[in-house]
Amino acid sequence: MDARTLGTAPHALPVSALGLGCMGLTNGFGPATERAAGIAFLRDAVERGVAFFDTAEVYGPRTNEELVGEALEPVREHVVLATKFGFAFDDDGRQVGVSSRPDDIRRAVEGSLRRLRTDVVDLLYQHRVDPDVPIEDVAGTVGELVAEGKVRHLGLSEAGPTTIRRAHATHPVTALQSEYSLFWREPEQSVLPVLDELGIGFVPFSPLGRGLLTGAVGADASFGENDIRATLPRFAPDALAANLALVERVRSVASRLEATPGQVALAWLLAQRPTIVPIPGTRRTSRLEENLAAAGLRLDEDALAELTAASDEVVIVGERYPEAMAAMIDRS
Ligand SMILES: NC(=O)c1ccc[n+]([C@@H]2O[C@H](COP(=O)([O-])OP(=O)(O)OC[C@H]3O[C@@H](n4cnc5c(N)ncnc54)[C@H](OP(=O)(O)O)[C@@H]3O)[C@@H](O)[C@H]2O)c1
């Protein structure tokens with residue numbers, strides 16, 4: 001697979017053009033994958049050229065990092081590990097709000113290092129901005145962890161432009177990870193101009209629109225209680241039926257190119273900027289193979305324009321997140 005670079009020297013991080021979102025292996029889309037199968041799947045991904053893996057303390061919680069750590073320990077030198085801190089947990093381990101107090105960051109990183117079976121986290125993101133902790137304190141703490149050799153690069157997730165500037169002024173930010181796809185293009189207005197100006201890479205999460213853009217989610221889809229889409233307004237039955245209009249437009253471009261809708265959706269993202277590295281998530285080898293082939297798919301100007309126009313014209317119905325989750329998004 002082609003390589004790409006997140007961030008700017010001396011804070012640049014070379015990665016594979018597509019990473020792998022590991023969340024679904026433990027949560028988000030139904031029951032967790034059986035452990036041995038998950039390990040085999042992740043090792044196979046390395047064989048297929050994936051060198052950039054995305055996890056987080058909150059996935060599981062914590063079991064996702066354990067799975068990734070066990071699977072990738074034998075190939076640690078050949079892969080980039082990205083994880084995230086920033087949620088708070090109660091005594092039973094349940095997630096309760098956010099916390100980026102310096103002590104909590106340090107506690108989270110010690111746990112991540114242990115679970116990931118490594119001495120250093122390559123890319124450490126703040127998962128959600130904590131309104132009670134100045135971002136300078138957060139970036140400063142991660143800067144200290146970089147100086148101590150426990151972390152290589154600082155990242156942010158779903159941070160707004162002012163927060164990004166303030167963090168970057170304290171310790172250079174290598175990448176922002178936020179949702180971006182044909183299904184959700186707000187970053188083009190809100191953060192991408194700032195990332196371009198500051199030389200920060202962009203890692204789109206949910207690049208397949210949580211599966212919608214692959215064409216595999218039909219109007220009659222039902223989502224189980226462990227599937228986050230059961231709670232997302234855009235996947236409520238009426239909204240889903242309307243939003244499938246975008247998928248039909250993507251499908252029409254894909255069939256002309258003898259590609260799949262998901263491949264075209266990923267290739268469109270890769271074509272937006274050389275600094276973009278999407279992290280599609282899957283638990284199935286056949287889908288992984290399909291998704292990775294998108295890194296070699298070059299869309300011509302007509303195809304790119306048609307996809308952009310489709311995304312401009314189809315009005316997406318339903319909010320991106322329910323209220324409580326939306327409240328965690330930094331808009332500053
Ligand atoms: N920073 C954040 O706040 C944040 C938030 C969400 C996600 N993330 C990260 O981003 C990663 C990707 O996002 P995501 O998982 O939310 O959404 P996504 O990558 O857009 O879509 C994942 C969904 O698409 C399905 N899928 C994948 N490839 C497919 C294919 N070729 N054909 C049909 N269906 C396919 C998957 O099902 P199967 O697994 O069954 O294949 C899963 O249901 C996550 O794993 C996580 O690491 C970060």
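Biologist: Leaving aside its neighbours within four places in sequence, which residues is R101 in contact with?

Modeller: D130 and V133. This is a predicted model. R101 sits in the loop between β7 (95-98) and α3.

Biologist: What makes D130 and V133 contacts of R101?

Modeller: The cut-off is heavy atoms within 4.5 Å. R101 meets it with D130 and V133.

Biologist: How far apart are the C-alpha atoms of R101 and L42?

Modeller: They are separated by 32 Å. Along the chain, R101 and L42 are 59 residues apart.

Biologist: On to the helices. At what angle do the axes of α3 and α4 cross?

Modeller: Roughly 40°. The axes of helix α3 (residues 102-115) and helix α4 (residues 135-147) come within 9 Å.

Biologist: Why is α3 called oblique to α4?

Modeller: Roughly parallel needs an angle under 35 degrees, and roughly perpendicular runs from 65 to 115. The roughly 40° between α3 and α4 fits neither band, so α3 is oblique to α4. The crossing is right-handed.

Biologist: Which residues of α3 and α4 meet?

Modeller: From α3, P102, I105, R106 and V109. From α4, V138, T141, V142, E144 and L145. By class, that contact has 6 nonpolar, 1 polar and 2 charged residues. T141 is the polar one, because Thr is neither on the nonpolar list nor on the charged list.

Biologist: What is the angle between α1 and α2?

Modeller: About 55°. Helix α1 (residues 35-47) and helix α2 (residues 63-72) have their axes 9 Å apart.

Biologist: Why are α1 and α2 called oblique?

Modeller: Roughly perpendicular starts at 65 degrees, and roughly parallel stops at 35. About 55° lies between those limits, so α1 and α2 are oblique to each other. Their crossing is right-handed. R35, G38, I39, L42, R43 and V46 of α1 meet E66, L67, V68, E70, A71 and L72 of α2. These divide into 7 nonpolar, 1 polar and 4 charged.

Biologist: Why are α8 and α11 called roughly antiparallel?

Modeller: The label needs an angle over 145 degrees. Helix α8 (residues 237-256) and helix α11 (residues 301-313) cross at roughly 170°. That is over the limit, so α8 and α11 are roughly antiparallel. Their axes come within 9 Å. L246, R249, V250, S252, V253 and R256 of α8 meet A303, E306, L307, A309, A310, S311 and E313 of α11. The classes are 7 nonpolar, 2 polar and 4 charged.

Biologist: Now the empty space. What makes a cavity a cavity, rather than a pocket?

Modeller: In a cavity, a 1.4 Å probe fits but cannot get out, while a pocket is open. The count is 1 cavity of 30 Å³ or more. About 70 Å³ of space lies in the largest cavity.

Biologist: Which residues line the largest cavity?

Modeller: E179, F183, G209, R210, L232, R234, F235, R320 and Y321. That lining has 4 nonpolar, 1 polar and 4 charged residues. G209 supplies the polar count, because Gly is classed as polar.

Biologist: What is the volume of the largest pocket, and how many residues line it?

Modeller: The volume is about 1,400 Å³. The lining has 47 residues, with M23, G28, F29, R210 and I228 nearest the centre. By class, 21 are nonpolar, 16 polar and 10 charged. Helix α10 (residues 285-293) gives the most to this lining, with 3 residues.

Definitions and conventions
Residues are numbered from 1 along each chain as its sequence is written. This is a predicted model: local features need pLDDT of at least 70, side-chain atom pairs count only at pLDDT 80 or more; totals for chains, interfaces and linings use all residues. Side-chain values use heavy atoms; hydrogens and water are left out. Axes are lines fitted to C-alpha atoms, for helices over the stretch in contact, and angles run from 0 to 180 degrees between N-to-C directions. Helices (H or I, at least four residues) and strands (E, at least two) are DSSP runs, numbered from the N terminus. A crossing is left-handed if the near helix is turned anticlockwise from the far one by less than a right angle, and right-handed if clockwise. On a 1 Å grid over the protein atoms alone, a cavity is a set of points where a 1.4 Å probe fits but cannot get out, and a pocket is an open set with protein on both sides within 12 Å along at least five of seven lines; lining residues have an atom within 4 Å of a point. Grid points are joined across faces, edges and corners, and a volume is the space filled by probe spheres set on the points.
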